[in-house]
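Here are a few exercises to work through at your own pace. Have the sequence and the model open side by side, and try each task before reading its solution.

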Amino acid sequence: MRIDVITIFPDYLAPLELSLIGRARREGLVELVVHDLRVWTHDRHRTVDDSPLGGGAGMVMKPEPWAEAFEAVRTAGREQLGEHAQPLVVFPNPAGTPFVQDTAAQWSQREWIIFACGRYEGIDERVYEHLADQGYELALTSLGDYVLNGGEVAVLAITEAVVRLVPGVVGNAESLVEESHSQGLLEYPLYTRPASWTAPDGALREAPPVLLSGDHARIAAWRRDQAMERTARRRPDLLPDP
Ligand code: JE8
């Protein structure tokens, strides 16, 4: 899978060098290229923004650098992947469709995703129209119902959620199976050794004895029950309408 990110803050994406995703990149499972949008400006100040037409607060991202950026990134991507390659272009946007686990599963099967990170008040609307006219597949996607300052943090979260589902990236294939089993429910509580733990306040805190019983059917039933109870209490919206 190839992922391109276009941003005015390339350093924001530095964490993608680390940990799971960093290893996936080194092993060639994922090719990730971060681009500085200002490369595609032509003035001394490398201007990417201007005031909103019609007035109003803040600044709007100008269309010209974006159009040039997409042309260059499409050419580079097709050089690597072949002329057949069709990217999905994702614009993180607080007014977009919510990003959920199902989105991550679908996008993990894509050959190529281009993330376009807006800043300021957002991007000139004609960029979306132009890309759609050029035949790009576009997705406006929200990380959640709160306000960020730009798309970069959304790209970090979305990339981690997508790349960990690419075959071979998460070593323990069982942990992904577990996730799909418990689909739609919150996870059950976890315990490890010592089974009897004396906390710093002197209290004896025991793990649930069922987990030491060796009875795998009873353990599975207990975990299912805990997951249901937790979901009902914390996330009733996840349960089917009663
Ligand atoms: C963004 C964003 C996602 C989420 C994404 C991209 C580009 C006051 N204004 C702030 C209102 C409009 C957006 C402005 C900042 N901004 C925010 C997000 C997002 N994905 N879940 N929340 N916020 C941009 C500019």
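The exercises below deal with a predicted model, and each comes with a worked solution.

**Exercise 1. Work out the strand order of the open sheet of five strands, and find which strands stand at its edges.**

Solution.
- Step 1: Begin with strand 1 (residues 2–7), which pairs with strand 2 in the parallel sense over six bridges. To see this pairing up close, look at T7, whose bridge partner in strand 2 is D36.
- Step 2: Go on to strand 5 (residues 88–98), which runs parallel to strand 6 (residues 112–116) and is joined to strand 6 by three bridges.
- Step 3: Strand 5 is also joined to strand 7 (residues 137–142), again in parallel, by seven bridges.
- Step 4: Put together, the order reads 2-1-6-5-7, with parallel pairing.
- Step 5: Strand 2 (31–36) and strand 7 each have a single partner strand, so these two are the edges and one side of each is left without a neighbour in the sheet.
- Step 6: For the twist, ignore direction: neighbouring strands of this sheet are turned by 30 degrees against each other on average.

As a reminder, strands of a sheet pair through backbone hydrogen bonds, either parallel or antiparallel.

**Exercise 2. Find what V90 stands opposite in strand 6 and in strand 7.**

Solution.
- Step 1: Locate V90 in strand 5 and look towards strand 6, where F115 stands opposite.
- Step 2: Now look towards strand 7, where the residue opposite V90 is A139.

**Exercise 3. Trace two β-α-β units and give their handedness.**

Solution.
- Step 1: Follow the chain from strand 1 through helix 1 (residues 19–26) to strand 2; this unit is right-handed.
- Step 2: Do likewise from strand 5 through helix 3 (residues 101–107) to strand 6, which also gives a right-handed unit.
- Step 3: Add a helix that lies across the sheet strands: helix 5 (residues 152–163) lies across strands 1, 2, 5, 6 and 7, at about 175 degrees to strand 1.

**Exercise 4. Describe how helix 2 and helix 4 pack, and which residues make the contact.**

Solution.
- Step 1: Helix 2 (residues 63–81) and helix 4 (residues 126–133) pack at about 30 degrees, and their axes are 10 Å apart.
- Step 2: Angles under 35 degrees count as roughly parallel, so helix 2 is roughly parallel to helix 4.
- Step 3: The crossing of helix 2 past helix 4 is right-handed.
- Step 4: Helix 2 contributes P63, W66, A67 and F70 to the contact, while helix 4 contributes R126, V127, H130 and L131.
- Step 5: Sorted by type, the residues of this contact are six nonpolar, one polar and one charged.

**Exercise 5. Examine the backbone at R46 and at the bond joining R193 and P194.**

Solution.
- Step 1: Recall that most residues other than glycine have a negative phi, and most peptide bonds are trans.
- Step 2: R46 has a positive phi, near 50 degrees, and lies in the loop between strand 2 and strand 3 (49–50).
- Step 3: The peptide bond between R193 and P194 is cis, with omega about 0 degrees. P194 is in the loop between helix 6 (173–181) and strand 8 (196–198).

Technical notes. Residues numbered from 1 in each chain as written. Predicted model: local features only at pLDDT ≥ 70, side-chain atom pairs only at ≥ 80, totals over all residues. Heavy atoms only, no water. Pairing = 2+ DSSP bridges. Helix = DSSP H or I, 4+ residues; strand = E, 2+ residues; numbered from the N terminus. Right-handed = clockwise from strand over helix to strand, strands pointing away. Axes fitted to C-alpha atoms, helices over the stretch in contact; angles between N-to-C directions. Parallel < 35°, antiparallel > 145°, perpendicular 65-115°, else oblique. Left-handed = near helix turned anticlockwise from the far one by under 90°. Contact = heavy atoms within 4.5 Å. Nonpolar A, V, L, I, M, F, W, Y, C, P; charged D, E, K, R; others polar.
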